[in-house]
Every structure is written in structure tokens, then in C-alpha cells.
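Dear colleague,

Please find below the sequence and structure that I am handing over to you. My notes on the spaces in it and on one helix follow.

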Amino acid sequence: MYIPAGAIKDLELQFGTPKEITMDHFITSPEMTMLRASQKHGRAHDFTFFIIDRDNRVAVISKHSHPPGFYRAPSGGVNPGEDVLQGMYREAFEETGIRIDIKQYILRINVTFKCDRIAVPWVSHIFTAAPLTTLMKPIDTKEIKEVKWVSWKELQGPIRDNLSKSPAKLFHYRVFLTDAVAQLLGEQPGSCLF
């Protein structure tokens, strides 16, 4: 992973020490191929943003590759040599068109994605943020099909159901990630993940 440990420490000093989960997650062979293709320059991370507005709605994106009704929190990677914080702001803006104010480093998931005999270590860094602008329109239209606001009830209801029923196991990972954030923010009752 090309993100210096010091940069992550700086994020913790600025935005708080996140809860941490370590897990294995099994994915399909085509998903492993896609994941490995995303590891350009040795990338093994994503920064995921739960952008929450004053009405407690969450910004979600849908990619061109997603089936209808499939949405998730925006996420992306920082480029080699890029300032980590600036890369985070860039990714959030490219996917949503929103300028954000990062509030909290809420969760870090150290996951090993597995398929057959292949194991890929990965780290998801999850942050909450507030929107500084109101216009939502994806900048990276090659990757992002749609961005919109949804309530936690929608996110943890029909959207969660769609992702959970998908044969694509990476969607199941996003369900787990979102459930953990919802639990940390008091938006989902249930068994404790921590």
C-alpha cells in the first residue's frame, strides 16, 4: 500500500481514531479480477464517505455497472504521491459534485478479499462528512451514473435489500460496511459488530 502510515496517523489526529474491524470476505472470480485490476500502482485501499446533510440524508452513487436500484456511499482511492486529504476531497467531488467538510474518521476495515487461493489485503477508511455545496452532479461521468440523497430508512431498507440479494459479493461487503456505519451513528439497532 503506497499511503504512508504517517498520513493515516495525521488523519486520526485531525478526525479521530476510528473503530477498527479485521475480517475476511470471499468474493467471486470475476470480482477478484476486477479488484486486482484496480490495484494499479499497488493500491490496496478505499476512502468511503458518508456525506450527511442537515436533513440527515445520505449521498449515494450508482455506477454504470450497477443494476437498477443499486446505490452505495461514494468511495475512491488516493493516487501515489497525492496528499491524502486532498485526494479524499478530490474523490468525493469527482463522484458527487459536492464539496465536503470531513467530520469524523469513523471506521477502518482491514479486510482480506479471498477467492480460491488468492488473498488480497485491503483497507477501507470510512469518514463522515457534511456537504458544503448543494448541487449534486457526478464529475466523473465515465464511472458514475447517478448521485442522489436518500434517507437512512431507504439506505437500510430497499437499497440494502437489493445489494444483499445480489450474487456479487462485493455488494455484500458494502452492506456490511454500511451496517457498521449505521450502527455507529445510531441509525440501525441490532447486534453489535464491535
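A pocket here is an open set of points, on a 1 Å grid over the protein atoms alone, with protein on both sides within 12 Å along at least five of seven lines, whereas a cavity is a set of points where a 1.4 Å probe fits but cannot get out; lining residues have an atom within 4 Å of a point. Grid points are joined across faces, edges and corners, and a volume is the space filled by probe spheres set on the points.

The model is predicted, so local features need pLDDT of at least 70 and side-chain atom pairs count only at pLDDT 80 or more, while totals for chains, interfaces and linings use all residues. Residues are numbered from 1 along each chain as its sequence is written, and side-chain values use heavy atoms, with hydrogens and water left out.

Pockets

The largest pocket holds about 960 Å³ of space. Its lining comprises 34 residues, and Ser38, Arg43, Lys63, Arg72 and Glu143 lie nearest its centre. Two or more lining residues come from each of α2 (29-37), β4 (75-76), α3, β6 (118-131) and α5; helices (H or I, at least four residues) and strands (E, at least two) are DSSP runs, numbered from the N terminus. By class, this lining has 12 nonpolar, 9 polar and 13 charged residues. Nonpolar covers Ala, Val, Leu, Ile, Met, Phe, Trp, Tyr, Cys and Pro, charged covers Asp, Glu, Lys and Arg, and the others, Gly among them, are polar.

The second largest pocket has about 190 Å³ of space. Among its lining residues are Arg54, Arg57, Pro131 and Trp149.

Cavity

The count comes to 1 cavity of 30 Å³ or more. The largest cavity has a volume of about 50 Å³, and its lining includes Tyr71, Arg72, Leu155 and Arg174. Helix α4 gives the most to this lining, with 5 residues.

Helix α3

The 13 residues of α3 (residues 84-96) should span 18 Å at 1.5 Å a residue (1.5 Å times one less than the number of residues). The end C-alpha atoms of α3 are 18 Å apart, which agrees. The buried residues of α3 (under 20% relative accessible area, 1.4 Å probe, protein chains only) include Val84, Met88, Glu91 and Glu95. The buried residues of α3 cover an arc of only 160° around the axis, taken from the directions from the helix axis to the C-beta atoms, which puts them on the same side of α3. Just after α3, glycine 97 takes a positive phi of about 80°.

With kind regards

Terms used
Buried < 20%, exposed > 50% of the residue type's maximum accessible area, 1.4 Å probe, protein only.
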